[in-house]
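Welcome to this guided tour! Open your viewer, get ready to select residues, and follow along one stop at a time.

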Amino acid sequence: MADAVMAEDQKFCLREVLDTFKSCLSEDKEVLIDQYVAGWRGLVRFMNSLGTIFSFISKDAVSKIQIMVNHRNGENGVQYITVQSMVKYELDNGLVDITKRGSYPESGCRTLLRLHRALRWLELFLERLRTSAEDSKTSVMCSEAYNESLAKYHPWLIRKASNMAFCALPGRPTFFEVMNVGTPEQVVAMLGDALPLISEVYQVTEELYSKHDLLDLP
Ligand SMILES: CCCCCCCC/C=C\CCCCCCCC(=O)N[C@@H](COP(=O)(O)O)[C@H](O)/C=C/CCCCCCCCCCCCC
């Protein structure tokens, strides 16, 4: 019985993950890195539960998450509390490769930019899921969202592998079930609730990176 309760407690719930993203913005609209990273960690857990075909994506996401965690745990961790403070600290101290890869392949600015681009994919995918009909294909929604966002930054081989992996996504009903949020109507409501905040986190980061000319970091 205790085990059953435990298993129920530990069941994945996408609402909690998206709530983590919702808590990313501080009162003065700074993006909190711990919460941002926790959100991605939750999403990776969800993706892992969909099958090993997504391992190559998961591996890359985990390595980027780990780089950000290392910055937070490092001796200058306090400079990495928000994306705003990280950008200022790394730029002021010349810790970012601006035009070509060089001494700082693991800068926070570069690493977070990769996750930021993936956040745009997430936003587009969730919006499609929210407005989709019952018989819509998640693979098509995922692939369209990918082609409109991340794909332009990926070489041919990654694009090919990604689009092949998307074909393994379960149908919409199963996908909704794995999200463990409730009825399809509750899933749609939850997405409608979470999306504006995810969009805001994306917009705040996009404007910051644009202001400092960081959107094309190598
Ligand atoms: C109800 C909705 C639930 C959605 C659940 C989504 C779960 C997604 C979890 C994680 C997403 C992975 C984020 C991937 C970050 C990719 C960063 C990136 O662009 N990396 C490339 C460039 O890095 P550098 O070489 O410059 O360091 C790297 O080359 C990429 C390698 C792997 C392929 C990345 C493919 C990304 C596809 C994202 C869609 C995930 C689909 C999951 C399906 C649920």
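Begin by selecting Ala 161, which lies in helix H8. Is Ala 161 buried, partly exposed or exposed? Ala 161 is partly exposed because 14 C-beta neighbours fall inside 10 Å, and a buried residue would need 20 or more. Keep Ala 161 selected and add Ala 133, which is 28 residues away along the chain. A distance drawn between their two C-alpha atoms comes to 27 Å. As you go, keep in mind that this is a predicted model.

**Next stop: Arg 72**

Now select Arg 72 in helix H4. Arg 72 is partly exposed, because 18 other C-beta atoms lie within 10 Å. Which residues does Arg 72 contact, leaving aside its neighbours within four places in sequence? They are Ile 33, Asp 34, Gly 77 and Tyr 80. Take a second look at Asp 34: 38 residues separate Arg 72 from Asp 34 in sequence, yet from C-alpha to C-alpha they are 7.9 Å apart in space.

**The ligand**

Move on to the ligand and show the 26 residues around it. Which of them come nearest? Look for Leu 43, Met 47, Asp 60, Ala 61 and Ala 118. To see where the shell comes from, colour helices H3 (33-48), H4 (55-73), H6 (108-131), H7 (138-148) and H8 (156-166), since each of these elements gives two or more residues to the shell. H6 gives the most, with six residues. Now colour the shell by class: you should find 21 nonpolar, two polar and three charged residues.

**The nonpolar core**

The largest nonpolar core has 47 residues. Among its members, Ile 33, Val 83, Phe 125 and Cys 142 touch the most others. H6 supplies the largest share of this core, eight residues. In soluble globular proteins, nonpolar side chains tend to be buried together.

Zoom in on Val 83 and find what it touches beyond four places away in sequence. There you will meet Val 31, Ile 33, Leu 112, Thr 205 and Leu 208.

**Where H6 meets H7**

Show H6 and H7 on their own. Their axes are 8 Å apart, and the two helices pack at an angle of about 145°. The crossing of H6 past H7 is right-handed. To see the contact itself, select Trp 121, Leu 124, Phe 125, Arg 128 and Leu 129 on H6, then Met 141, Cys 142, Glu 144, Ala 145, Tyr 146 and Glu 148 on H7. Eight of the residues in this contact are nonpolar, three are charged and none is polar.

Stay with H7 for a moment. Which of its residues are buried? Select Thr 138, Met 141, Cys 142, Ser 143, Ala 145 and Tyr 146. The buried residues of H7 pack against H6, H8 and helix H9 (172-179).

**Last stop: two positive phi angles**

Go to Asn 180, in the loop between H9 and helix H10 (184-211). Asn 180 is not a glycine, but its phi is positive, near 60°. With 15 other C-beta atoms within 10 Å, Asn 180 is partly exposed.

Finish at Asp 213, in the segment after H10. Asp 213 has a positive phi of about 60°, again in a residue that is not a glycine. Why does Asp 213 count as exposed? It does so because 10 other C-beta atoms lie within 10 Å, and the limit for an exposed residue is 12 or fewer.

Terms used:
Residues numbered from 1 in each chain as written. Predicted model: local features only at pLDDT ≥ 70, side-chain atom pairs only at ≥ 80, totals over all residues. Near = placed C-beta within 6 Å. Helix = DSSP H or I, 4+ residues; strand = E, 2+ residues; numbered from the N terminus. Nonpolar A, V, L, I, M, F, W, Y, C, P; charged D, E, K, R; others polar. Core = buried A, V, L, I, M, F, W, Y, C linked by C-beta atoms within 7 Å. Contact = placed C-beta atoms within 7 Å. Axes fitted to C-alpha atoms, helices over the stretch in contact; angles between N-to-C directions. Left-handed = near helix turned anticlockwise from the far one by under 90°.
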